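Here are my notes on the model you sent round. The points are numbered so that you can reply to them one at a time.

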Amino acid sequence: LCSARCGLALVLHVSLFVAYALRVSLSIAIVAMTNGSHPHSWSGSAPRGSYPGFAQDVSGKQMQITERRFPGSAPVYNWSAETQGIILSSFFYGYGLTQALGGYCSGLFGGKPVLGSGLLLSSVLTLLVPRAAELGMSFLIGLQVLLGLAEGVIFPAQYTLWAKWAPPLERSRLMNIADAGCTFGTFFALLVAGIICQSLGWPFVFYIFGGVGCAWCLCWFLLVYEDPAHHPWINAGEQEYIVSLLAHQGSSHGCSLPLVAMAKSLPLWAITVACFCTDWLFYMLLTSMPMFMSNVLHFDLRENGLLSSLPYIGNGLGHILAGLLADFLLARRVLGTAAIRKLFSALGMLLPAVFLVAVPYLGCSSTVVVVLLTLALTVISMTGAGININHIDIAPRYAGFLLGITNTFGIVAGIIAPTAVGLLVSQDLQTGWRNAFFVSAALNLFGLIFYIAFGSGTIQDWAREDTAVQ
């Protein structure tokens, strides 16, 4: 627990906590920024980290709510539901563009400067949100795209760091402890941002979150080192332990990438297909399930704060527990790396699909649906010890770049899935929801079968340092 690599896991946990708090701040504050008589619609294209539906009305229909009075002279904007959706979704168009670029740059220049720069720029841009809103909707949309561009490099850069720091038998727990910061940061922002809006006014959400982000970036650059060899305070025994275990995987990649070999790699395609299918179901749960509960079950999540927060708590804790269990099984040699990745991917993909298919047959019990939603989002976190970290197993030198590629496919799934649900539900409410659930479950099953058939746990030939770059 006192090791440098555990310290890195905690620092990355806080960094991702801050990054996701910055990301969801507008999703929450937009309730206070807009006219109280306007419907606060669900943004249908809101992938991971932007869960506005738990803070806003999710029915998408005209409704009357009690007008809130926010302190100070904070302006209120008369944005329609469609306008709010455009503003909230604009983040992800920038976010998708820098995934692969962030992985490539972190391989060239190091994960520390790339991640730190992305987080610092995200924090500064968050400070500018109130001013951008004053200047006009187009300025705010542009700022959100820039924020997406800045945050898009963070996750790939993290993987580049872990390729140099995480021993094979500790990857699952170290990386999942860090990743849990995403869920806990979202959960914290949902709790705190509303209180700040009511007590200080909505601009202070961005001033406080952005200010904390800038301050944390100073800690990041002071505390984090690119690899064990450059860490001045690391224990000599720990340094030798990490370096010796990772010596076989080679150094970070140069300017050239074996793109042809990557495109022909079935293990990489297995991860990509599985990530697309899993993210489809993941965003289906986060976007469409609250809408289903509002439209079909007439269940108001805003009046049930504890219930609506349970999925976040379950997902965060599930990440940590899955990582600990996976590394325990690897250390005891119960199963090999490939088998462990496939086992946890199977649990994280199959069980949520079963829960999703069961929902239409449970009648109108909103409590049972919330329980299933919580269980699904908890169990899906087990993919954190499966497909989500398999990139480092098969190509540690290119882990950041490969994560950027698969994340891009996941973002596409997060944009398409809610649109597909909307088309199905618009034709017939009950049948449409049932078909939407079945499509998501079938995709997940297909992705799982493809991954089990072609997934691998060993370094690929094209990822070895002594292999000629194509």
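**Notes on the predicted model**

1. Helix 4 passes helix 9 in a left-handed crossing. This is read from a predicted model, as is everything below. The axes of helix 4 and helix 9 (residues 203-223) cross at roughly 160° and come within 7 Å. An angle over 145° counts as roughly antiparallel, so helix 4 is roughly antiparallel to helix 9.

2. The residues that meet across this pair are numerous. On the helix 4 side they include Leu-115, Gly-116, Leu-119, Leu-120, Ser-123 and Leu-127. On the helix 9 side they include Phe-206, Tyr-207, Gly-210, Gly-213, Cys-214, Cys-217 and Trp-220. Helix 4 (residues 111-127) is also where confidence is highest in the chain, with a mean pLDDT of 97.

3. On confidence in general, the chain averages a pLDDT of 84, and 85% of its residues score at least 70. Among the helices, the lowest mean is 81, in helix 15 (residues 366-379). Residues 36-70 need a caution: the pLDDT there is below 50. That stretch nevertheless has 106 contacts in the model beyond near neighbours in sequence.

4. For the overall make-up, the chain has 18 helices and zero strands. Of its 470 residues, 59% count as buried. Taking contacts with a separation of 6 or more, 86% are between residues 24 or more positions apart.

5. How do helix 17 and helix 18 pack? Helix 17 (residues 399-427) and helix 18 (residues 429-454) have their axes 6 Å apart, at an angle of about 150°. Helix 17 is therefore roughly antiparallel to helix 18. Their crossing is right-handed. Helix 17 contributes Val-421, Leu-424 and Val-425 to the contact. From helix 18 come Leu-429, Gly-432, Trp-433, Asn-435 and Ala-436.

6. Helix 17 also packs against helix 3 (residues 99-109): the two axes come within 7 Å and cross at roughly 175°. This pair is therefore roughly antiparallel as well. Gln-99, Ala-100, Gly-103 and Tyr-104 of helix 3 meet a set of helix 17 residues including Gly-400, Phe-401, Gly-404 and Ile-411.

7. Phe-17 and Phe-184 are worth viewing together. Phe-17 lies in helix 1 (residues 4-33), and Phe-184 lies in helix 8 (residues 171-199). Leaving aside neighbours within four places in sequence, Phe-17 is in contact with Gly-181, Cys-182, Phe-184, Gly-185 and Phe-188. The C-alpha atoms of Phe-17 and Thr-183 are separated by 7.4 Å, although the two residues are 166 apart along the chain. Phe-17 has 22% relative accessibility, so it counts as partly exposed.

8. What does Phe-184 touch, not counting residues up to four places away in sequence? The list is His-13, Phe-17, Ile-313, Gly-316, Leu-317 and Ile-320. Phe-184 and Asn-315 are 131 residues apart in sequence, with 8.7 Å from C-alpha to C-alpha.

9. A search of the whole structure finds zero disulfides. Why is Cys-219 not in a disulfide? The closest cysteine sulfur, in Cys-217, is 9.1 Å from the sulfur of Cys-219, which is too far for a bond. Cys-275 is unpaired because its closest cysteine sulfur, in Cys-277, is 9.4 Å away, also too far for a bond. Is each of these two cysteines buried or partly exposed? Cys-219 is partly exposed, with a relative accessible area of 30%. Cys-275 is buried, at 7%.

10. One backbone angle should be checked by eye. Most residues other than glycine have a negative phi. Arg-333 is not a glycine, yet its phi is positive, at about 55°. Arg-333 sits in the loop between helix 13 (305-331) and helix 14 (337-358). Its relative accessibility is 75%, so Arg-333 counts as exposed.

Technical notes
Residues numbered from 1 in each chain as written. Predicted model: local features only at pLDDT ≥ 70, side-chain atom pairs only at ≥ 80, totals over all residues. Heavy atoms only, no water. pLDDT = per-residue confidence, 0-100. Helix = DSSP H or I, 4+ residues; strand = E, 2+ residues; numbered from the N terminus. Contact = heavy atoms within 4.5 Å. Disulfide = S-S within 2.5 Å. Buried < 20%, exposed > 50% of the residue type's maximum accessible area, 1.4 Å probe, protein only. Axes fitted to C-alpha atoms, helices over the stretch in contact; angles between N-to-C directions. Parallel < 35°, antiparallel > 145°, perpendicular 65-115°, else oblique. Left-handed = near helix turned anticlockwise from the far one by under 90°.
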